[in-house]
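Work through the exercises below with the structure in view. Try each task before you read its solution.

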Amino acid sequence: MGLGRVLVVDDEPNIRKVLRLVLTKAGYDVVEAEDGVKGVDAIKRSDENGLLVDAIICDLQMPNMNGMEAIEYFHSQFPSIPVIVLTGKPDILNAKALMKELGVVDYLVKPIQSEQLIAAVHKAAVHKALRGHVFFAT
């Protein structure tokens, strides 16, 4: 059994390939989508509760449906799934807005080191797991 499942939404095939290889080697199952439309389709298609994923990695600049639109959908329909932005065109103001308004848990800039990617996904998966549990002080 793997560490969890990650949905990677990016229009660059080489980026998806590298992310899949790094995350698979780290113990994650990876589902890929080439744009926001395919990412939304992937998360809706699994069952009525959506694709069971522990984190979503999403680019911002994509054709058909950009990352901002996809993230808005993910946040509105599946708010418990943490989203990590991975972009080649960083924008600090946009990053702050995404994190504050749409619950983005991390904002990473391409190119990214494998260790940084794995740490961000692990943090997101733990974040999701903790949100699903209630802890009581004794």
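**Exercise 1. Get an overview.** What share of the residues counts as buried, and in which pattern do helices and strands follow each other?

*Solution.* Start with burial: of the 138 residues of this predicted model, 42% count as buried. Next, count the elements: there are 5 helices and 5 strands. Now read along the sequence: the order is β-α-β-α-β-α-β-α-β-α. Finally, look at the contacts with a separation of 6 or more: 65% of them link residues 24 or more positions apart.

**Exercise 2. Place strand β1.** Which strands pair with β1, and in which sense?

*Solution.* Begin with β2 (residues 28-33): it runs parallel to β1, joined by 6 bridges. Between these two strands the chain passes through helix α1 (residues 13-25), and the β-α-β crossover is right-handed. Then take β3 (residues 55-58): it also pairs with β1 in the parallel sense, over 4 bridges. Check valine 9: it faces alanine 33 in β2, and its bridge partner in β3 is cysteine 58. Last, check burial: 5 of the 6 residues of β1 (residues 4-9) are buried, so the strand is largely enclosed by the rest of the structure.

**Exercise 3. Examine lysine 110.** Is lysine 110 buried or exposed?

*Solution.* First locate lysine 110: it lies in the loop between β5 (104-109) and α5 (114-131). Its relative accessibility is 15%. Buried means under 20%, so lysine 110 counts as buried. Now find its polar partner: the side chain of lysine 110 makes a polar contact with the side chain of aspartate 59 (3.4 Å). Beyond its neighbours within four places in sequence, lysine 110 also has contacts that include Asp10, Glu12 and Thr87.

How values were computed: Residues numbered from 1 in each chain as written. Predicted model: local features only at pLDDT ≥ 70, side-chain atom pairs only at ≥ 80, totals over all residues. Heavy atoms only, no water. Buried < 20%, exposed > 50% of the residue type's maximum accessible area, 1.4 Å probe, protein only. Contact = heavy atoms within 4.5 Å. Polar contact = N/O pair within 3.5 Å; in protein donor to acceptor, adjacent residues only side chain to side chain. Pairing = 2+ DSSP bridges. Right-handed = clockwise from strand over helix to strand, strands pointing away.
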